[in-house]
Amino acid sequence: MSAPPGVAANAVVDAVLADLGRGAHRGVVVDSPPGAGKSTLVVRAAQVLAAAGEQLIVIAQTNEQVDDLIDRLATAAPELPIGRLSAGDYRASERVSQHRSVTVGAKIGDVSQGSVIIATAAKWATVGDGSWAWAIVDEAYQMRSDALLRVASRFSRALFVGDPGQLDPFSTVESARWTGLTWDPMLSAVSVLLRHNPGLPVHRLPVSWRLPPSAAEVVAPAFYPFTGFRAGTRPEDRALVLDAGSVGAPVPAVAGPDPDAVDAAVAQAAATGWALYELPARHTLRTDGEAAAACAALALRVLSAGAVAVSERSRDGAPVDASRIAIGTAHRDQAAVIRNLLRGTPGETITVDTANRLQGREYDVTVVLHPLSGRRDATAFHLESGRLCVLTSRHRHACIVVARAGIPDLLDAHPSTDPVHLNVPVRFPDGWEANHSILAHLSAHRVVAPRQRV
């Protein structure tokens, strides 16, 4: 019989902290599935190292991640001096400015009194002086290996924490010239680190505290087939309850989507955790107006249905307001169209963004525009397994996927034709397999939208 989720998760965290204390390795790697408590581990590790008298640095990938970590660390350890190294024009967010223990500065000398100094990888690359015994690299799988090379001289040992199933680092320049090299800058920092240091200890957090069982049992085999994870909650711990009196009530105006189909999809998601709102098969422009309208209408319907999220955090239920709903897309122009449709409605403040920007964030309900919906081809960008993983793993209660019919046929018509390169490990699962896995599950939760009159 397996150990309870909390016991299993704490055992891994204890093993990580023990490896940090032994000093037998220059680095420790921690793989974390979605919502496994990665940030909690980073905060705890920083406290442990700081308590041992070590001044350490934390390297994050975005300013949003930096501010989030500072808020978490300052809340957990109010007396711990923290330095926020930033650009000269940075204006501290409320999450940072509310903590008296945090000092903000543009130069390393301005924040050198901090026991923990936190900044983005790009900012650390500009620091020419100083070295530290320890670094914690957050979201290490999002960090390009060349970015790690630029800051590696600043520390002696490091803890690398990240999610191997999320989006890989990307670049707008042609990178084929480096393919097959062990220091390929387009590989993640962790990938290059382990290829050159295969003996480093690798720990895997085994529990997702975000995803409910209905999602963990789908996301784990689709995107983490060799390591897996389980949900930290039981099916009876969570429920998405809709106001029975809202059925048939008017939905805030978004032209196009069939109200009955929208109602059915929201009800299906509330009951099972998943829904596929399937539009008629058709090749479309990237900014498919019908699909965008469906995404907006579904999110608005969750709001107008008076959804209440019952969970281990709120046994009496918490209203699912606009701040707890997100709409995810593959492209910025798709997100812009949906934001425009929500303008002036009760859902105007709903988060609408691309997978890249939704990484690391968490909501009660998500609406996802499938990256392959309406396409004639299946490009590497749209088949990227990390993109679909991010989009389908942000929710605590329910995920509604909007897609045109025919994606499985599209996948079968475009099998993977990527060239095989020497010295390049094969990544599995690939996007083709992951998409088929997710779509096979969604087929049991399909709500077919009627064809619109033209």
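Mentor: Quick definition before we start: two strands pair if DSSP finds at least two bridges between them, and strands (E, at least two residues) and helices (H or I, at least four) are DSSP runs numbered from the N terminus. This is a predicted model, where local features need pLDDT of at least 70, side-chain atom pairs count only at pLDDT 80 or more, and totals for chains, interfaces and linings use all residues. Residues are numbered from 1 along each chain as its sequence is written, and side-chain values use heavy atoms, with hydrogens and water left out.

Trainee: Okay! Over how many bridges do β12 and β18 pair?

Mentor: Strand β18 covers residues 395-404 and runs parallel to β12. Ala-275 sits opposite Ile-400 in β18. The bridges between β12 and β18 number 6.

Trainee: Which residue in β19 is the bridge partner of Glu-278?

Mentor: β12 also runs parallel to β19 (residues 446-448), with 3 bridges joining them. The β19 partner of Glu-278 is Val-448.

Trainee: Is β12 largely enclosed or not, and how many of its residues are buried?

Mentor: Buried means under 20% relative accessible area, with exposed over 50% and partly exposed in between (1.4 Å probe, protein chains only). In a regular strand the side chains alternate between the two faces of the sheet. Here Trp-274, Leu-276 and Glu-278 are buried on one side, and Ala-275, Tyr-277 and Leu-279 on the other. So β12 is largely enclosed by the rest of the structure, the buried count being 6 of the 6.

Trainee: Which strands stand at the edges of the open sheet β11-β13-β14?

Mentor: Its 3 strands come in that order, with antiparallel pairing. An edge strand here has a single partner, so one side is left without a neighbour in the sheet; that describes β11 and β14.
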